[in-house]
Amino acid sequence: MTSIVEIIIGLVIYPGLIFSLAVGGMFYWLYRKVRARMQARLGPPLYQFFIDLVKLFSKESIIPYSGRGLLIVLAPLLSIIGLLFTIIMLPLGSAPLVEFDESLIFALYFLAFPGLAMIMAGSSSGSPYGAVGSSREARMMIAYELPYTLSALTLAFYLRSLSLSAITHYQFDHGPFFFKYPLATIVLILCLLAKIGRRPFDAPEADTEIIGGPLTEYSGTLLGLFEIVNGLKWFVVPAFVVTLFLGGGANLIEFLLKCFGLVLLLSFIDIIHPRFRVDQGFGFFMKWVLPLALIDFVRSLILP
Amino acid sequence: MSAIFPIGPFHPALKEAARFELEVEGEKIVGGDFKFGYMHRGIEDIATTKSYHSNIFLAERVCGICNTVHSTCYTQTVEALLNIQPPERAKYIRTIIFETERIQSHLLWFGVAMHEIGYDTAYMYMWRERENAVDMLESVCGKRVNLGINTLGGVRRDITPDKEVLMRRKLDLLEKAINKVGKIVLEDKVLKARVKDVGVLTKDDAKKLCVVGPTARGSGVDMDVRRDDSYAAYSYVDFDVPIEENGDVLSRTLVRLGELFQSIRIIRQAMKDLPKGPISLEELPLPKINEAFGRVEAHRGELLYYIRSNGTNRPERVKIRTPSVVNNNSILPMVLGETIADVPIIIASMDPCFSCTDRVTIVDTKRNVSRTATLSTLGRRRGL
């Protein structure tokens, strides 16, 4: 068992806040750069994400009079906590910092935090855009969490284990689960798009309709915290998928390269699609994605 | 229970200031109130204080995107007032510039519409291709946005043979780009899901609200000033007027797509038949007491100018009826029953231009009368 001090160091430095933010910031930059180049633009410099953070943290946060102050402050913190607790449970090329038998269930729970925090942020901000944004986020979460959890549990049922390191070790010996359960992998990647709020499922934050939705009323440091969430999301959520289905990594470099590939794939999907309306996104997940997840889930139950 | 969802005065979906107060139940729209008037500039009043020649440049500044439309309509109305005809070559050059501007305006519209539904890649692509049209305008007029090509009794710059070569080359590039635009609009499934059967304006409603331009043609109303009351060189060229029957956002998009192809066709014909001769009249008569009325088919619909002269070098009254004035009334029937997510694309689908729309009318709800304010009253109110 790891000591408390080690866990705290893990949360703050490696593989926690500082490391994840550095890698996530790079992946976010990669997405923006690829997007810009494919749109015949120049794109931001490498350090753009970090100087954005510095700028936001140096500014004053305004909490709207009609908002509920405490929830507005708690929302981004809750997301950051959820993402950091997930990353210390993932085996990044070596044994995870915190290892126990039910880590998959915990990771699924913690990864739902950012979505919940968005709902909290939107509904407590007292702005109509925030209210619409959080209701959209809630609808999208209902739509994507079910196939997402089902496809993750496919592996648990196949291996009769809920441990993330057991899943990784099995893949070291028998090849990535992508080949065994391709449908579940596709489902997970589609849900990933909704989870990090990218097209075609970015209705909760649609800038031309509801001006960023839940984030409309955020400013200064608090918006900076949400920027950190955004950066972390770009690393932690793909890392979770790499761990589950793409074979993890024998070392850190291999792991990061796989994440890099996944981020490129996500960027391409984002670039070539317009935005779904929220009811269309909901329908897409329920009509197409959920059946795909069910097929592989049932396969794992009957064909062990 | 319904709540008020505000859009504007400043909102990323609006390129100009306007306020929409939408009554919503959940995300569904059940009512609404629209307020314009943030961009009032008093152009009609200023026009009566300037000479006929200076007013060309004022008319051009009514709207940035359709500036040649305004200056063409103004010069044609003044030419009717003075009873003069510009030379044939000038008419052809006006037609070419007019249609090139329509191409750049429609491509700009396509980009904005794509941006409203989150398709930023197509937006960037279309605005890049639009540069070709702007380059064509620049090569002839020397400017990119406010072109300043029209003058009373003709045009100010000629299309020389070397410019013609450049324009033909750019036209080929544009045709290729427009084909690709059509492919994106017709084949992308996500895009189609967003625009099909959204914001329907029925033919009856369209006629009742007197909408004009692509908004009317998308609802099956067959009207086009270029064909019905031809001006410049439109009677010498051969073109079709695209009509769609469904009245949704997709039909308005397809009408604009069809118009892009027709514009290229018109420019090609006009460049082939370009007659030789002078480009403007040497001398202009003095205006007598008279009145004249002119109309053109702007990119957004029918544009009207009415000018009355009193024998001096300044017009007594200039009345401008821009297409957005009538089209804006159709927003409410289009958005009722749709969701908030569709409002930006529905508003964009009729290509509104608020700054050329705003008028000052004071409505006294107690006595139920309305009157139009003059500049002097407004000045008094502001304490000027």
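Biologist: What phi does B:G118 take, just after helix 4 of chain B?

Modeller: B:G118 has a positive phi of about 80 degrees. This is a predicted model, in which local features need pLDDT of at least 70, side-chain atom pairs count only at pLDDT 80 or more, and totals for chains, interfaces and linings use all residues. Residues are numbered from 1 along each chain as its sequence is written, while chains are lettered from A and ligands numbered from 1 in the order in which they are written.

Biologist: What makes a stretch a helix or a strand?

Modeller: Both are DSSP runs numbered from the N terminus: H or I over at least four residues for a helix, E over at least two for a strand.

Biologist: How do you know that the span of helix 4 of chain B agrees with its 29 residues?

Modeller: The expected span is 1.5 Å times one less than the number of residues. For helix 4 (residues 88-116) of chain B that gives 42 Å, and its end C-alpha atoms are 42 Å apart, so the two agree.

Biologist: And why is helix 4 of chain B called largely enclosed?

Modeller: A residue is buried if 20 or more other C-beta atoms, placed from the backbone, lie within 10 Å of its own (12 or fewer is exposed, in between partly exposed). In helix 4 of chain B, 26 of the 29 residues are buried, so the rest of the structure largely encloses it.

Biologist: What makes strand 2 and strand 3 of chain B a pair?

Modeller: Pairing requires DSSP to find at least two bridges. Strand 2 (residues 19-25) and strand 3 (residues 28-35) of chain B have 7, and they run antiparallel. B:L22 stands opposite B:G32. With 2 residues between the strands, this hairpin has B:G26 at a positive phi near 65 degrees.

Biologist: How many bridges link strand 7 and strand 8 of chain B?

Modeller: Strand 7 (residues 301-310) and strand 8 (residues 315-321) of chain B share 6 bridges in the antiparallel sense. B:Y306 has B:K319 as its bridge partner. Their hairpin has 4 residues between the strands, and B:G311 takes a positive phi near 90 degrees.

Biologist: Which element of chain B has the lowest mean pLDDT?

Modeller: pLDDT is the predictor's confidence in each residue, from 0 to 100. Helix 15 (residues 375-381) of chain B has the lowest mean, 56, and helix 11 (residues 249-273) of chain B the highest, 90. Where pLDDT is low, the predicted coordinates should not be read in detail. Chain B averages 84, with 92% of the residues scoring at least 70.
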